[in-house]
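This report covers the nonpolar core, the contact between the chains, the surroundings of the DNA strands and one sheet.

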There are 2 protein chains.
Amino acid sequence: MKESFAGDAPPAPAALAAKVRTLAPSMTRSMQRVAEAVAADPAGCAALTVTGLAELTGTSEATVVRTARILGYPGYRDLRLALAGLAAQQQSGRAPAVTADIAVDDPLTDVVAKLAYDEQQTLADTAAALDTTQLGAAVTAMASAGRVEIYGMAASGLVAQDLAQKLLRIGRHAYAHSDPHLAVHNAVTLRSGDVAVAITHSGTTGDVIEPLRVAFERGATTIAITGRPGSPVSQYADHILTTSIARESELRPAAMSSRTSQLLVVDCLFVGIAQRTYETAAPALSASYEALAHRHRSAPRGGRQ
Amino acid sequence: MKESFAGDAPPAPAALAAKVRTLAPSMTRSMQRVAEAVAADPAGCAALTVTGLAELTGTSEATVVRTARILGYPGYRDLRLALAGLAAQQQSGRAPAVTADIAVDDPLTDVVAKLAYDEQQTLADTAAALDTTQLGAAVTAMASAGRVEIYGMAASGLVAQDLAQKLLRIGRHAYAHSDPHLAVHNAVTLRSGDVAVAITHSGTTGDVIEPLRVAFERGATTIAITGRPGSPVSQYADHILTTSIARESELRPAAMSSRTSQLLVVDCLFVGIAQRTYETAAPALSASYEALAHRHRSAPRGGRQ
DNA sequence: CCCCTCCCGAAAATATCTTTCATTACGTGA
DNA sequence: TCACGTAATGAAAGATATTTTCGGGAGGGG
């Protein structure tokens, strides 16, 4: 038999503070000091070696190991691992603090966390709110369309280009337009069987509504991607894909989350179309896949710095 | 200097899976085996000693230690600690959710869910892995820069434009370039105090590296936004912002998640700069806010509110 | 006051981690 | 195809960290 041995409990995961309190009475003075230190600052202690912790608590290595045993671990090494886990947990538990708006004096760490959190939220909202029936209809129309013309201005214009780039890569004839006049001229040439897509967060961007109206009247299938399903743009849309509207603030303009939301919708369209046209899309897809896979040829090892 | 050393990132806490993907290309085969094992089963690996993990992966202790170094830890001991933390986190954290790849015959409902989940994951990874020191340095440089020139091709080109649009709105002189030749001509005119930003997922896009190199040699401050910190582009970058590399599949090309990741980084840059230059940025922000509101006032024809 | 018990830490013993170095595998260019 | 140089790899030596052993000493009861 070795030293004293308390409870056959398996290496406890999280309930460490409680365990310390429970077992404190059966500990000697020096052990209590160690247990206390460990309970008070798991993260800090996890960074210490046996010797370090012994010094910190003014005890010896042996005592530290004994304490670890009392707490139910085979040795200090395992206690330390558990400590690291605990630290990580209460670290991540502190996350909800990011729900606030971004302030002018927020440190960059907070900015990153808040932005990421907000965009994640936007994605979840968008996915939840997206009408798959409408999406399916849009996919069907675009998968069999002769031409696909996409209209979007400013931030939405980038989304439009993103969609066009993707569709071109799988062999669809898709083009994005950011010039209002050219967009209208382009829309005039559409006919039944073609598809026109308008992307506008507010649903009121005249420069985008106009070409969609023209396309609509020319008999093309029209699709609107907007955050406001009841807005003017929907008047001329056969199918409406709704993006989410997130709360915005001075430092976080609406453009940011609407873009995230629009891009998710666009990705869904893309994947849906790629599925429908898999026969022709597959070669193009694997080509771009390999192009990237073969990249890690001559990256100088270690990089500089 | 001992063995190769990638990225000066401090011991990462949670962003391990992401880090593995990011750094995998700069690893040798055996290291990749180790990294893979670690990413696949953090909890299991945390329970193993160097020797154990070496045996499990069919490699040697030395290789395990080398891998730990590449991942940014001083040695295996610390990697193990981080692993324990990670295990605890995902233990208490969220459920595995939809982890499967997107299949050709997935219904649209699944496609939406999977895409949203994947992009959320990408955001979390990016945020966790983003080096705020580098970010801070980049923000400082850009906030006080005379001119900001941004280089990006194809999908990254859209991100470049997004950044340029945002910066212009808060009164920075920022422009995005997608034409390789014009980009180089533009870079030649840069000088100390100006900033050049290169955006490339692979870090090997010559058309983007070239203008950055020119800018670097002209004495401008150079920033690289890339998924491969050790890649050629970092050679000419004063500051490197790392985007995450998500697992990809045929129906979900790398471009998709890299774009999400890049946009988050770009947003962080934007907010950081807006904070630093709040005095001048604030009026610009509200001005453009109102200007847009005005433009959206009415639909051109027959829009009923 | 002495002895007995048990706590405690120094140091030895062991396990674990790190470094070194010779070997082997690989890619490159002739 | 072969020879060469470079880079990757694992065995083993070397350094640290952990565990065990063991004896000194404090407290308490007889």
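The largest nonpolar core has 187 residues, a core being a set of buried Ala, Val, Leu, Ile, Met, Phe, Trp, Tyr and Cys residues joined through C-beta atoms within 7 Å. A residue is buried if 20 or more other C-beta atoms lie within 10 Å of its own, exposed if 12 or fewer, and partly exposed in between, with C-beta atoms placed from the backbone. A:Leu163, A:Leu212, B:Leu163 and B:Leu212 have the most contacts inside this core. Helix 12 of chain A gives the most to the core, with 12 residues; helices (H or I, at least four residues) and strands (E, at least two) are DSSP runs, numbered from the N terminus.

The model is predicted: local features need pLDDT of at least 70 and side-chain atom pairs count only at pLDDT 80 or more, while totals for chains, interfaces and linings use all residues. Residues are numbered from 1 along each chain as its sequence is written, and chains are lettered from A and ligands numbered from 1 in the order in which they are written.

Leaving aside neighbours within four places in sequence, A:Leu212 is in contact with residues including A:Tyr151, A:Val233 and A:Tyr236. Contact requires C-beta atoms, placed from the backbone, within 7 Å.

Between the chains, 69 residues of chain A are in contact with 70 residues of chain B. Among the helices that each supply at least two residues to the chain A side are helix 8 (132–143) and helix 12 (254–276). Helix 7 of chain A gives the most to that side, with 13 residues.

Around DNA strand D there are 21 residues, of which A:Thr49, A:Gly75, A:Tyr76, B:Thr28 and B:Ser60 come nearest. DNA strand C is surrounded by 20 residues, the closest being A:Thr28, A:Ser60, B:Thr49, B:Gly75 and B:Tyr76. A residue is near a strand if its C-beta atom, placed from the backbone, lies within 6 Å of it.

The table divides three surfaces by class: Ala, Val, Leu, Ile, Met, Phe, Trp, Tyr, Cys and Pro count as nonpolar, Asp, Glu, Lys and Arg as charged, and the others, Gly among them, as polar.

| Surface | Nonpolar | Polar | Charged |
|---|---|---|---|
| Side of chain A that touches chain B | 37 residues | 24 residues | 8 residues |
| Near DNA strand D | 6 residues | 8 residues | 7 residues |
| Near DNA strand C | 6 residues | 8 residues | 6 residues |

Chain B holds an open sheet of 5 strands in the order 2-1-3-4-5, with parallel pairing; strands pair if DSSP finds at least two bridges between them. Strand 2 (174–177) and strand 5 (239–242) of chain B each have a single partner strand, so one side of each is left without a neighbour in the sheet. Strand 1 (residues 148–152) of chain B pairs with strand 2 of chain B over 4 bridges, and B:Ile150 has B:Ala176 as its bridge partner in strand 2 of chain B.

How values were computed
Contact = placed C-beta atoms within 7 Å.
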